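Biologist: I'd like to learn how to read helix packing and chain symmetry in a model. Could you walk me through one?

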Amino acid sequence: MPLNPLVTQTLSTTQTAIEIAATAAFALSGIVEAVRKRLDVVGVTVVAFATAFGGGTLRDVLLDRRPFFWVEHSWYAWAVLVLCLGTGAWLRSHHLAPTQQAMQWPDALGLGLFAASGTQIALAAGMPPLIAVLMGVMTAVFGGVLRDIVCNEIPSAFRDHRPYAVCAFVGGWLVVGAQWLGLAETAALALGAAGATALRLLAMWRDWRLPGMRIHR
Amino acid sequence: MPLNPLVTQTLSTTQTAIEIAATAAFALSGIVEAVRKRLDVVGVTVVAFATAFGGGTLRDVLLDRRPFFWVEHSWYAWAVLVLCLGTGAWLRSHHLAPTQQAMQWPDALGLGLFAASGTQIALAAGMPPLIAVLMGVMTAVFGGVLRDIVCNEIPSAFRDHRPYAVCAFVGGWLVVGAQWLGLAETAALALGAAGATALRLLAMWRDWRLPGMRIHR
Amino acid sequence: MPLNPLVTQTLSTTQTAIEIAATAAFALSGIVEAVRKRLDVVGVTVVAFATAFGGGTLRDVLLDRRPFFWVEHSWYAWAVLVLCLGTGAWLRSHHLAPTQQAMQWPDALGLGLFAASGTQIALAAGMPPLIAVLMGVMTAVFGGVLRDIVCNEIPSAFRDHRPYAVCAFVGGWLVVGAQWLGLAETAALALGAAGATALRLLAMWRDWRLPGMRIHR
């Protein structure tokens with residue numbers, strides 16, 4: 001079921017724009033966390049890189065896929081470098097860091113897009129459905145996990161009882177379902193990304209909580 | 001020195017059974033640790049996966065070996081997922097978690113089997129003996145290391161002064177020795193796995209301690 | 001601009017000697033940190049391996065380059081094993097550990113050499129300049145980062161406000177510049193390694209500090 005070329009083109013431009021916004025949001029969340037932990041400028045930069053590129057890199061290592069996207073488009077790395085230095089200068093001259101609240105929008109977009117595109121890439125590499133969905137979840141979540149491990153904390157995605165990875169998981173299955181129904185790749189991507197993002201925003205808005213696993217006493 | 005086909009068949013069935021029990025034991029040890037650290041349901045699941053599949057995955061990444069066993073047999077991933085949810089339900093309705101004691105048996109079996117099979121796979125990939133043995137040790141131990149790093153602890157395998165990795169190391173050398181003597185692969189595997197497991201059980205029973213490395217004052 | 005063969009030969013022997021000294025220095029820094037954290041003999045050995053081989057291994061995984069250098073030259077692994085046991089015996093019978101001060105010389109040499117050779121290997125694999133330099137930095141720095149993560153600390157390279165990764169970064173760009181100017185590979189390597197090492201020693205001698213990134217209040 002091929003889409004109209006104009007629609008595809010628009011979606012593709014939109015995807016690139018979201019991807020850049022999402023990578024920037026992930027990098028920023030790394031910068032904010034690293035500054036909070038009083039890392040030096042090197043530490044802040046490394047954490048920004050790890051948060052922004054960690055998920056996609058793990059996916060590509062597991063899929064044995066080369067070149068990495070940050071090798072193919074090495075201006076991504078330049079952009080993160082500039083973002084780090086720019087944020088550093090901004091933080092020195094202003095009294096306000098970007099609030100957690102302000103960053104949740106691009107972060108939710110990135111979560112959805114990376115989950116959907118990670119799932120799609122893994123499906124294209126011949127992974128079975130569950131594995132492809134888990135690869136999508138990794139793509140979306142592993143950067144933040146790496147950020148927290150380097151900052152010597154238990155990853156917040158694993159203990160804050162908010163649906164985050166779960167939204168990526170649902171988005172991944174939407175992609176699998178859409179491709180199984182024969183939808184075009186771009187449509188499947190859009191559906192999965194929109195689904196995961198919407199679910200994440202809904203979860204934040206309604207303040208949903210994940211159940212813990214507790215031992216009764 | 002080929003073995004009787006019936007023996008080989010029996011050994012292979014036994015190996016699969018041990019492998020499943022061991023993977024389940026590793027996953028369970030991840031679940032218990034994650035629950036103790038009050039992770040949410042996502043964190044518990046991720047730690048279970050990391051503990052169960054981490055060692056074999058690291059080995060396969062280092063050997064550049066694809067597909068991963070959890071990609072080839074994706075029901076493994078389903079099984080761990082079901083195990084997590086099942087354990088969650090069990091913990092909510094029962095007052096008892098599986099005791100550390102009860103889990104040491106399948107854990108020791110898994111240690112031996114993963115060490116021996118990891119060594120054998122690395123030898124088959126053309127690694128020199130020491131490297132192959134170290135790959136076997138990694139296969140057996142890295143899952144638990146990953147579990148402890150994610151839970152923000154120094155890995156217990158590195159500081160509890162109990163022989164654990166050392167048993168895997170000995171088991172790996174048994175495999176190397178057996179293959180060097182010309183034994184069949186299945187026999188070498190059985191010998192290495194049994195040796196490492198027996199040594200581990202013996203070490204727990206006799207309460208053996210590893211020497212520390214301390215700076216005299 | 002090929003160098004005189006005798007010069008090349010001398011440089012190559014020097015490089016091997018530095019490489020061995022640097023690997024030993026990295027392994028020693030792992031041992032000292034692990035002993036300080038009261039790990040057992042297994043933990044000390046693993047941290048020594050991770051510190052010595054972590055950087056080069058990450059580089060080779062990212063570049064999809066096999067065999068690893070510690071597979072090709074498996075006596076490296078034997079040497080680290082012997083170093084661990086020897087240091088253990090030494091620490092039991094002597095009152096002195098190698099001081100941090102004494103180890104900073106080979107560590108600075110290793111930093112320079114690994115940064116330069118990592119950059120060169122990445123350039124040879126067709127990476128763009130910035131990526132190649134970052135690979136050089138990783139080669140030089142990731143071992144120590146892994147050491148600190150396993151020991152459950154925020155990596156010192158990220159928070160001690162001393163130029164360390166920055167020196168590797170500069171050394172990497174020297175290699176890129178030298179190759180771009182058409183210098184022989186050996187000369188580029190020597191230049192980059194010497195530059196990074198000199199910068200590191202200078203930074204320690206003059207007690208330079210990196211700026212932090214702080215939020216004004």
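**Helix packing and symmetry**

Modeller: Gladly! In this predicted model, α7(C) and α8(C) are roughly antiparallel to each other, because their angle is over 145 degrees.

Biologist: How are two packed helices described, and what are the values for α7(C) and α8(C)?

Modeller: Two packed helices are described by the angle between their axes and the distance between the axes. Here the axes of α7(C) (165-180) and α8(C) (185-206) come within 8 Å and cross at roughly 155 degrees. The crossing of α7(C) past α8(C) is right-handed.

Biologist: Which residues make that contact, and how do they divide by class?

Modeller: From α7(C), the residues include Val170(C), Leu174(C) and Ala178(C), while α8(C) brings, among them, Leu191(C), Leu199(C) and Arg200(C). By class, the contact has 14 nonpolar, 5 polar and 1 charged residues.

Biologist: Now the chains. What relates chain C to chain A?

Modeller: In general, two copies of a chain are related by a rotation about an axis and a shift along it. For this pair, chain C is superposed on chain A by a rotation of 120 degrees with 0.0 Å of shift along the axis, at an RMSD of 0.0 Å. The two copies are therefore related as by a three-fold rotation axis. In chain C, Asn152(C) has the C-alpha nearest that axis, 3.9 Å from it.

Biologist: And how many residues does each chain put into the contact?

Modeller: Chain C and chain A each give 25 residues. On the chain C side, α6(C) gives the most, with 4 residues. That side has 17 nonpolar, 4 polar and 4 charged residues. The copies use different surfaces, as 12% of the contact residues of chain C recur in chain A.

Key: Residues are numbered from 1 along each chain as its sequence is written. Chains are lettered from A and ligands numbered from 1 in the order in which they are written. This is a predicted model: local features need pLDDT of at least 70, side-chain atom pairs count only at pLDDT 80 or more; totals for chains, interfaces and linings use all residues. Two residues are in contact if their C-beta atoms, placed from the backbone, lie within 7 Å. Ala, Val, Leu, Ile, Met, Phe, Trp, Tyr, Cys and Pro count as nonpolar, Asp, Glu, Lys and Arg as charged, and the others, Gly among them, as polar. Copies are superposed by least squares on the C-alpha atoms of residues with pLDDT of at least 70 in both. Axes are lines fitted to C-alpha atoms, for helices over the stretch in contact, and angles run from 0 to 180 degrees between N-to-C directions. Angles under 35 degrees count as roughly parallel, over 145 as roughly antiparallel, 65 to 115 as roughly perpendicular and the rest as oblique. A crossing is left-handed if the near helix is turned anticlockwise from the far one by less than a right angle, and right-handed if clockwise.
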